[in-house]
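Colleague: I should be grateful for a close look at one part of this model, namely its aromatic side chains. Please describe how they are arranged and how they relate to the surrounding interior.

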Amino acid sequence: MKYKNYESDFVVRMTLPKGVDASDFLVEFSSGGLARYIASRIGGVFTNCAMNADGSINVVFDKHQLQPGQLRFKFILSVINSAMPDGVQRIVVPQLCDIMLTQGKGNELEQVDIDLIALANDYNLLQNKPQVNGVELLGDKTTKMLGIQCDITAVTVDGF
């Protein structure tokens with residue numbers, strides 16, 4: 001657990017899964033009180049954050065007004081999906097952080113990182129999805145659907 005004084009400004013580096021770096025996102029932070037702190041990229045415009053060269057983002061907590069408590073967030077990603085009525089699929093990933101906002105002394109100079117591993121487990125966000133003979137492995141597939149020929153020959157064993 002990392003500790004930050006709740007009245008201090010600080011920066012959190014968030015590592016995003018591959019493929020997310022071009023999508024709109026909104027991150028809503030809270031710590032138990034009513035206050036919320038928002039970082040986002042909507043239509044290419046960053047608010048309270050900046051993209052790093054490696055695709056991670058730095059969330060800048062400046063005059064955030066969050067109260068003492070464990071920091072948590074909801075990462076809300078907007079992905080283009082023609083199956084949705086408005087053409088956008090909203091993916092929400094809630095997560096507790098390893099950061100405690102405290103009334104006492106914190107380590108204000110310590111780097112804080114968050115890795116959004118949960119998003120990497122969403123099959124719909126993967127790039128280079130697995131395929132067999134050019135057919136994406138999604139749902140139940142038969143060998144025929146995958147273009148796999150199966151020649152089954154009866155085998156007998158002496159004595160059986």
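Modeller: The structure, which is a predicted model, holds five aromatic pairs. I shall treat two of them in detail.

The rings of F25 and F75 have centres 5.7 Å apart and planes at 15°, so this pair is stacked, the angle being under 30 degrees. F25 belongs to strand β3 and F75 to strand β8, so the pair ties together parts that lie 50 residues apart in sequence. Both partners are withdrawn from the surface: F25 is buried, with a relative accessible area of 1%, and F75 counts as buried at 0% relative accessibility.

The rings of F29 and F61 are arranged in another manner. Their centres are 4.8 Å apart and their planes stand at 75°; since planes over 60 degrees apart count as edge-to-face, so does this pair. It links distant parts of the chain, with F29 in strand β3 and F61 in strand β7, 32 residues apart. F29 counts as buried at 0% relative accessibility, and F61 is likewise buried, with a relative accessible area of 0%.

F29 and F61 also belong to a wider group: together with F10, Y37 and F73 they form one aromatic cluster. The contacts of F61, leaving aside residues up to four places away in sequence, include F10, F29 and Y37 from that cluster. F61 further touches D9, V12, L66 and L71.

These rings may next be placed in the nonpolar interior. The largest nonpolar core has 26 residues, and those with the most contacts inside it are M14, F29, F61 and F75. The elements that give two or more residues to this core are β2 (10-15), β3 (24-30), β4 (37-42), β7, β8 (69-80), β9 (88-102) and β10 (112-115). Strands β3, β7 and β8, which carry the two pairs described above, are thus among the contributors.

M14 leads to a polar neighbour. S56, in the loop between β6 (49-51) and β7 (57-61), touches M14 as well as R13, T15, A50 and M51, again not counting residues up to four places away in sequence. S56 is buried, with a relative accessible area of 2%, and its side chain makes a polar contact with the side chain of R13 at 3.3 Å.

Two cysteines complete the account of buried residues given here. C49 is buried with a relative accessible area of 9%, and C97 is buried with one of 4%. The structure holds zero disulfides.

Technical notes
Residues numbered from 1 in each chain as written. Predicted model: local features only at pLDDT ≥ 70, side-chain atom pairs only at ≥ 80, totals over all residues. Heavy atoms only, no water. Disulfide = S-S within 2.5 Å. Buried < 20%, exposed > 50% of the residue type's maximum accessible area, 1.4 Å probe, protein only. Helix = DSSP H or I, 4+ residues; strand = E, 2+ residues; numbered from the N terminus. Polar contact = N/O pair within 3.5 Å; in protein donor to acceptor, adjacent residues only side chain to side chain. Contact = heavy atoms within 4.5 Å. Core = buried A, V, L, I, M, F, W, Y, C linked by side-chain atoms within 4.5 Å. Phe/Tyr/Trp six-rings, centres within 6.5 Å; stacked < 30°, edge-to-face > 60°.
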